[in-house]
Amino acid sequence: MLCSALAFGHKRGGISEREPRARVQSKRSSYDRESVTARRGSEAGAGDGGGGGRQRAAKGALEMKEKGSRAAVDERYAQWKSLIPVLYDWFANHNLVWPSLSCRWGPQFEKATYKNLVKPRVAAAEHISQFNEEARSPFVKKYKTIIHPGEVNRIRELPQNSKIIATHTDSPDVLIWDVEAQPNRQAQLAQMESRPDLVPPDSRPDLILRGHKDIAEFALAMCPAEPYVLSGGKDKSVVWWSIQDHISALGDSSKTESSPGASGSKGKTANDKDSPKVDPRGIFLGHDSTVEDVQFCPSSAQEFCSVGDDSCLILWDARSGTGPAVKVEKAHGGDVHCVDWNLHDVNYILTGSADNSVRMWDRRNLGSGGAGIPVHKFEGHKAAWSPDKASVFGSSAEDGFLNVWDHEKVGNKKNPNAPAGLFFQHAGHRDKIVDFHWNSSDPWTIVSVSDDGESTGGGGTLQIWRMSDLIYRPEDEVLAELENFKTHLASCAPRS
């Protein structure tokens with residue numbers, strides 16, 4: 001049910017696994033860049049004046065630090081693993097073959113089918129015996145393989161028809177795919193096991209959106225109200241397309257033969273003349289550096305926002321022209337890598353930054369002159385609102401934790417050792433979480449993917465999980481249920 005989207009998230013067959021993992025580590029991690037810079041600086045300093053001993057000492061100290069850090073992570077992970085039956089209603093762990101930069105709930109998801117798997121306070125205990133970090137979960141099955149022309153940096157689905165997918169790779173173009181119409185290339189990839197010299201052709205996208213003048217790697221969004229696509233790139237621009245005229249042909253399984261990717265001809269690429277090209281509806285300028293993320297307003301197809309390496313948060317209104325409607329200068333102390341608009345209350349916007357903070361903004365308090373103070377500040381790097389409750393969102397960072405927050409609980413801090421607003425922490429990943437996505441059809445269910453291939457012996461870890469309902473339900477309701485359960489246990493006890 002999930003794999004149709006995840007199939008996009010793997011590097012095409014025949015390419016070394018080392019390159020994708022290196023890109024996962026380098027593309028979005030200022031922490032890694034700073035670590036490398038510090039390491040080089042220490043080694044260069046040790047070499048000055050012939051200090052070979054100092055260089056070896058610095059290297060040894062670094063190795064000891066890395067070993068100590070790994071031991072701490074392993075200890076934390078072992079403790080978390082022992083608590084899975086208590087913390088989760090359902091949990092699945094899947095070791096990936098290739099590193100993945102993006103994960104989404106796929107177009108074949110059906111709530112009724114998934115509901116059969118989610119059994120509160122039962123499912124986790126049933127499946128814990130099958131949990132093996134180096135194995136692939138029986139609950140994650142491959143639906144279709146599409147050979148993408150280049151790495152998949154970002155995946156987004158069209159809300160009006162989730163069989164239509166947009167992807168970003170290392171090019172200026174946005175690629176649009178009709179998942180249902182695209183042929184399954186799994187058999188071609190399987191041939192490579194006996195013929196490693198055989199490189200199967202790329203699948204061809206159903207549409208190519210053009211408008212960027214430089215590479216657009218990550219910033220990508222699809223509008224919940226209209227068939228619009230939004231993208232940002234290294235050319236400092238936000239580009240807006242309409243695919244309205246193409247929707248009738250895309251997503252219609254009866255027109256599979258019309259899909260450019262369905263012809264089965266070989267040697268074609270994303271630049272092939274058979275894939276229709278779409279020009280932008282508008283190009284918006286206002287950033288001074290790479291645009292890292294974009295998001296449509298849930299209530300208006302004409303309003304959207306963007307963030308970038310210039311540390312700015314910009315709100316746009318296409319009805320008012322191609323310049324910023326509101327520009328918040330220095331929204332963070334570092335590059336801003338993600339933005340998300342609250343589905344339930346469009347006044348609230350989240351941003352996540354390389355400065356390891358997530359900030360919550362109220363757009364009613366953002367002046368046209370760029371003045372603005374965040375409503376709240378939280379820990380994290382990437383953030384996304386929950387579709388289940390207006391005040392809840394998740395955040396992830398370099399430490400491998402996925403935190404779940406409720407900003408309404410900021411003033412009701414009960415644990416002095418926990419950050420204000422934090423009420424759940426998923427610790428199942430042993431390295432940085434590169435992406436996560438809330439399930440909009442099944443409450444409180446999340447898919448997350450991490451770059452911990454060195455720990456698992458694979459390409460990374462995909463996890464599907466739902467925290468115990470005892471954690472997020474109203475406290476009085478939970479206490480009443482536990483009291484009833486206590487009474488039930490007492491009545492079942494043997495009488496002396």
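Where is Phe218 found?

## Phe218 and its setting

In this predicted model, Phe218 sits in the loop between β5 (207–209) and β6 (220–222). With a relative accessible area of 5%, Phe218 is buried, because buried means under 20%. Phe218 and Val291 are separated by 73 residues in sequence, yet their C-alpha atoms are 8.3 Å apart in space.

## The annotated repeats and His287

An unreviewed UniProt entry carries the annotation "repeat: WD" for residues 284–326 and 329–362. In the span 329–362, strand makes up 53% and helix 0%. The end C-alpha atoms of residues 329–362 are 15 Å apart.

His287 belongs to the loop between β10 (282–285) and β11 (291–297). Its relative accessibility is 6%, so His287 counts as buried. Which side chains make polar contacts with the side chain of His287? One is the side chain of Ser306, at 2.7 Å. Another is the side chain of Asp310, joined to that of His287 by a polar contact of 3.0 Å. Leaving aside residues up to four places away in sequence, His287 touches Lys236, Val238, Ser306, Val307, Gly308, Asp310, Cys312, Ile314 and Trp316. Both polar partners, Ser306 and Asp310, are thus among the residues that His287 touches.

## Salt bridges

The structure holds 16 salt bridges. In one of them, Glu303 pairs with Arg319, and the closest N and O atoms are 3.3 Å apart. Glu303 lies in strand β12 (residues 300–308) and Arg319 in the loop between β13 (313–317) and β14 (326–328), so this salt bridge ties together parts that are 16 residues apart in sequence. Glu303 is buried, because its relative accessible area of 18% falls under 20%. Arg319, at 56% relative accessibility, counts as exposed because the cut-off for that class is over 50%. Glu303 and Arg319 also belong to a network of salt bridges that includes Asp317 and Arg363.

A further salt bridge is made by the side chains of Lys389 and Asp406, at 3.1 Å from N to O. The pair links distant parts of the chain: Lys389 is in the loop between β19 and β20 (392–396), while Asp406 is in strand β21 (residues 402–406), 17 residues apart. Lys389 is partly exposed, with a relative accessible area of 33%. Asp406 counts as buried, at 2% relative accessibility.

## Lys382 and its two partners

Lys382 has a salt bridge and a ring contact to describe together. The side chains of Lys382 and Asp435 meet in a salt bridge of 3.4 Å, N to O. Because Asp435 lies in strand β23 and Lys382 in strand β19 (residues 382–385), the pair ties together parts that are 53 residues apart in sequence. Asp435 is buried, with a relative accessible area of 4%, and Lys382 counts as buried at 16% relative accessibility.

Lys382 also lies over the face of Phe436, at 5.7 Å from the ring centre. Arg364 is placed over the face of Tyr348, at 6.0 Å from the ring centre.

## Aromatic pairs

How many aromatic pairs does the count come to? The count comes to 20 aromatic pairs. One of them is formed by Trp385 and Phe393, whose rings are 5.6 Å apart from centre to centre, with 70° between the planes, in an edge-to-face arrangement. Trp385 and Phe393 are buried.

Why is the pair of Phe423 and Trp444 edge-to-face? The ring centres of Phe423 and Trp444 are 6.3 Å apart and the planes stand at 80°, so the pair falls in the edge-to-face class, for which the angle must be over 60 degrees. This pair links distant parts of the chain: Phe423 is in strand β22 (residues 422–426), and Trp444 is in the loop between β23 (433–438) and β24 (445–450), 21 residues apart. Phe423 and Trp444 are both buried.

Aromatic residues also group beyond pairs: Tyr77, Trp80, Tyr88, Phe91, Phe424 and Trp465 form one aromatic cluster.

How values were computed:
Residues are numbered from 1 along each chain as its sequence is written. Side-chain values use heavy atoms; hydrogens and water are left out. Rings of Phe, Tyr and Trp (its six-membered ring) pair if their centres lie within 6.5 Å; planes under 30 degrees apart count as stacked, over 60 as edge-to-face and the rest as tilted. Buried means under 20% relative accessible area, exposed over 50%, partly exposed in between (1.4 Å probe, protein chains only). Helices (H or I, at least four residues) and strands (E, at least two) are DSSP runs, numbered from the N terminus. A charge sits over a ring if NZ of Lys or CZ of Arg is within 6 Å of the ring centre and within 35 degrees of the ring normal. UniProt positions are given in the numbering used here, feature names are shortened, and annotations may be inferred rather than shown by experiment. A polar contact is a pair of N or O atoms within 3.5 Å; within protein, one must be able to donate a hydrogen and the other to accept it, and residues adjacent in sequence count only if both atoms are side-chain atoms. Contact means heavy atoms within 4.5 Å. A salt bridge is a side-chain nitrogen of Lys or Arg within 4 Å of a carboxyl oxygen of Asp or Glu.
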